[in-house]
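Subject: Structure handover

Hello,

I am passing on the structure we spoke about, with notes on what turned up in it. Please look it over before reading on.

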Amino acid sequence: MLGARLLRRHGQQAWARGAGRRYSARIPESDRLSRMLLPTRKAAKGQQPGDGSPAQTTTDMLVKAGYVCQSSAGIYTLMPLAQRVVDKIEAIIDVEMRRVGGQKLAMPTLLSPENWRRTGRLDSTGEELFSFKDRRGSTVLLGPTHEEEVTAIVRDMVRSYRQYPLRLYQTTRKFRDEARPRAGLLRGREFIMKDMYSFDVTREQAIASFDALEAAYRRCFDRIGVPYAVADADSGNIGGSLSKEFHFVSGAGEDTLLACGGCGYTANEERAHSTAGAQCGGVGVYSVGVRAGGRAVARGRVVVAAEHEPSALKLRQALPVAARERLEIALVGTHGAGQGAELGRALAGDGPWFLDACAARRLPADSAPAAAAAATGDWHVARAGDVCGACGRGRLEARRAVEVGHIFYLGDKYSRALDLTTLHQGQRTHVQMGCYGIGVSRILQAVAECCGGGGRGLRWPLSIAPYRAVVVPLDGADRAGEVYAALAETRVAGVPALRGQVAVDDRDYLSAGFRLHDAQMLGIPVTVVMGRRFADESVVEVQLRVPMLALPAEVAGVAVEHDGHECRALVRIERLGEFLGLALAGHARQLGAAADELP
Ligand code: ATP
Ligand code: MG
């Protein structure tokens, strides 16, 4: 038991009995902050919301606002408010996955390594794979992804080609022993992912599945309402040839996208194509080899323009490099204009060689015979400032971004390794697959990164906010039920968009200052403060913290103040619904109630 003094001291975290007793029975217990495990913390001394303190990371904000708490490196508990955000993200995804025929299942977290051995990923995944021994001494894997498992299930369960196309998905925890877990939920070692797998009989049908899923992903991200970019991507370890990444543009991201200001072409820098760099004149010659078990084997040479670097990824696609081999690229020499003879000698060395098209234009005339024998292509890493490879006119610009989704056409990589075939038109063929991931817990933090306002607290889009509105009754608490009801009845574009989405901060054991500070940190889109003017004139202060909200200086005849992060307006309670309905009308797409849209 906590003594009375201790209870007072820890009041903000304690489960204060009887708090909110004055509140109307119209407000269900589940919508009262006094009944919620919401361990908000005061800002550090000298730090106030509003001072834009740069020391505050998004993870700090999520912890201080009571959304998450860290258990160990890269491992977090989602507190009740964060779980509400996750539930909303999942609800949006569920609607869109079902719309394209997705069937939800739940595969095990504990996986047998046998299928992983057959696909070669037991070795190639390396130290990222969590594994342990069971009591019989057998190895057990903690699932980092489920291509192997789902392929084996379909192989054992599907009898006829008529059962395809098949689209199966789940939303589960994944485990990856990341070398550098970072930024809270952005790169966790345990995280939530939605993963879908498609199975088709022909390549054409598999590409149609890929296209359907790309459209479904676009709808998911449109609904979330945070601007996103779709990039051509490297398909990495999962294999295959067609893949796209969905990104939120944010300085917190670990990826760099190159985007053309002219035609809109966007690609991960690892894979982007450019036709020319900023002209420097010279070229660089590099040796290319592979190393396995301490032994190095030369594989040729690559020549790129001096301002570029050779791309290991593009070379790996052209050279056979086994999972256990490492590609090694080393600079042999750089050659300026007029050093033709020297360059000719360098190129006479180990072949075959790869000539980058940007470099080819700079080779001196006397290297023409060697150039004719080279594999000319795109072998460089594109950079900001390069000429776009898609339109040949615009320049590429770099942007940091967080990958939140990734879709792949896999072909028969897994069906071949695990023997998933079907008999179609008299022929036995391997089933064509695709896989499609969305980082659910990563989205929570990425949205907080993109939409939050520096040290000024979080700001959730209406689509995934834990609640859409919160009432803060500082004066006239016994009338909080009236405000709660007015919000529940508010219609935006004809829909009661806030119903079931309104919380009341009835923690009247906390000071007014503390509760106002919390309202700012929590980032719930609509905050309605019942202050002094409420008792006399029934006027509330409406605070809107809605990302991408553009409001005129007057809405429904009410003056609105806007400071770039939030809007404030004084509104009479009987006009509250009309005011909010108009203010939020532009965000109707984000408000679409997921459950109502089920086909
Ligand atoms: P990254 O390059 O960021 O490591 P990945 O290519 O390994 O991502 P996928 O295997 O394609 O990721 O997983 C699908 C999605 O799962 C990713 O788009 C991302 O949103 C999410 N994800 C991947 N790894 C993590 C992680 N460690 N923590 C949180 N989310 C993750
Ligand atoms: Mg990864």
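The notes below go through the ligand site, the strands, a helix and a few backbone details.

Please keep in mind that this is a predicted model.

Ligand site

I began with ligand 1. There are 14 residues around ligand 1, and those that come nearest are Arg176, Glu178, Arg187, Gly188 and Glu403. By type, the shell divides into 5 charged, 5 nonpolar and 4 polar residues.

Where does the backbone meet polar atoms of ligand 1? At Gly188, a polar backbone atom is 2.8 Å from a nitrogen atom of the ligand. At Val404, a backbone N or O atom lies 3.3 Å from an oxygen atom of ligand 1. Gly439 also places a backbone N or O atom 3.3 Å from an oxygen atom of ligand 1. On its own, ligand 1 has 590 Å² of accessible area, and the protein covers 85% of that.

Two elements, β8 (190-200) and β22 (396-411), give two or more residues each to the shell. Which of the elements gives the most to the shell around ligand 1? That is β22, with 4 residues.

Strands paired with β22

Since β22 came up at the ligand, I followed its pairings next. Strand β10 (residues 242-249) pairs with β22 in the antiparallel sense over 8 bridges. One of the residue pairs here is Val249 with Ala401, which is its bridge partner in β22.

Strand β11 (residues 255-260) is also antiparallel to β22, and 6 bridges are found between them. In this pairing, Ala259 has Glu397 of β22 as its bridge partner.

β22 is further joined to strand β25 (residues 432-439) by 6 bridges, again running antiparallel. Tyr409 stands opposite Gly434 of β25.

A sheet of five strands

An open sheet is formed by 5 strands in the order β17-β14-β15-β18-β19, and its pairing is mixed. Why is one side of β17 and of β19 left without a neighbour in the sheet? β17 (326-335) and β19 (375-377) stand at the edges and have a single partner strand each, so one side of each has no neighbour there. From one strand to the next, the twist averages 25°.

Inside this sheet, β14 (residues 283-292) and β15 (residues 295-305) run antiparallel and are joined by 10 bridges. Val288 has Gly300 in β15 as its bridge partner, and Ala292 has Arg295. The two strands form a hairpin with 2 residues between them. In that turn, Gly293 has a positive phi of about 55°.

On to the next strand in the order: β15 and β18 (residues 353-356) run parallel, with 3 bridges joining them. Val303 stands opposite Leu355 in β18.

A sheet of three strands

A further open sheet has 3 strands in the order β4-β6-β5, with antiparallel pairing. The edge strands, β4 (110-111) and β5 (130-133), each pair on one side only. Between β5 and β6 (residues 139-142) there are 4 bridges, and these strands run antiparallel. Phe130 has Leu142 in β6 as its bridge partner.

Helix α3

How far does helix α3 reach from its first C-alpha to its last? Helix α3 (residues 80-99), which has 20 residues, reaches 29 Å. That is close to the 28 Å expected at 1.5 Å a residue. The helix is followed by Gly101, where phi is positive, near 80°.

Other backbone details

Two places in loops are worth a look in the viewer. Tyr164 and Pro165 are joined by a cis peptide bond, with omega at about -5°. Pro165 sits in the loop between α6 (147-157) and β7 (166-175).

Which sign does phi take at Asp419? The value is positive, near 65°, in a residue other than glycine. Asp419 is in the loop between α12 (413-417) and β23 (421-424).

If you want one place to start, open the view at ligand 1 and go from there to β22, which gives 4 residues to the shell and pairs with β10, β11 and β25.

Regards

Notes: Residues are numbered from 1 along each chain as its sequence is written. Chains are lettered from A and ligands numbered from 1 in the order in which they are written. This is a predicted model: local features need pLDDT of at least 70, side-chain atom pairs count only at pLDDT 80 or more; totals for chains, interfaces and linings use all residues. Side-chain values use heavy atoms; hydrogens and water are left out. Two strands pair if DSSP finds at least two bridges between them. Axes are lines fitted to C-alpha atoms, for helices over the stretch in contact, and angles run from 0 to 180 degrees between N-to-C directions. A residue is near a molecule or strand if one of its heavy atoms lies within 4 Å of it. A polar contact is a pair of N or O atoms within 3.5 Å; within protein, one must be able to donate a hydrogen and the other to accept it, and residues adjacent in sequence count only if both atoms are side-chain atoms. Accessible areas come from the Shrake-Rupley method with a 1.4 Å probe; for residues, only the protein chains shown count as cover. Ala, Val, Leu, Ile, Met, Phe, Trp, Tyr, Cys and Pro count as nonpolar, Asp, Glu, Lys and Arg as charged, and the others, Gly among them, as polar. The expected span of a helix is 1.5 Å times one less than its number of residues.
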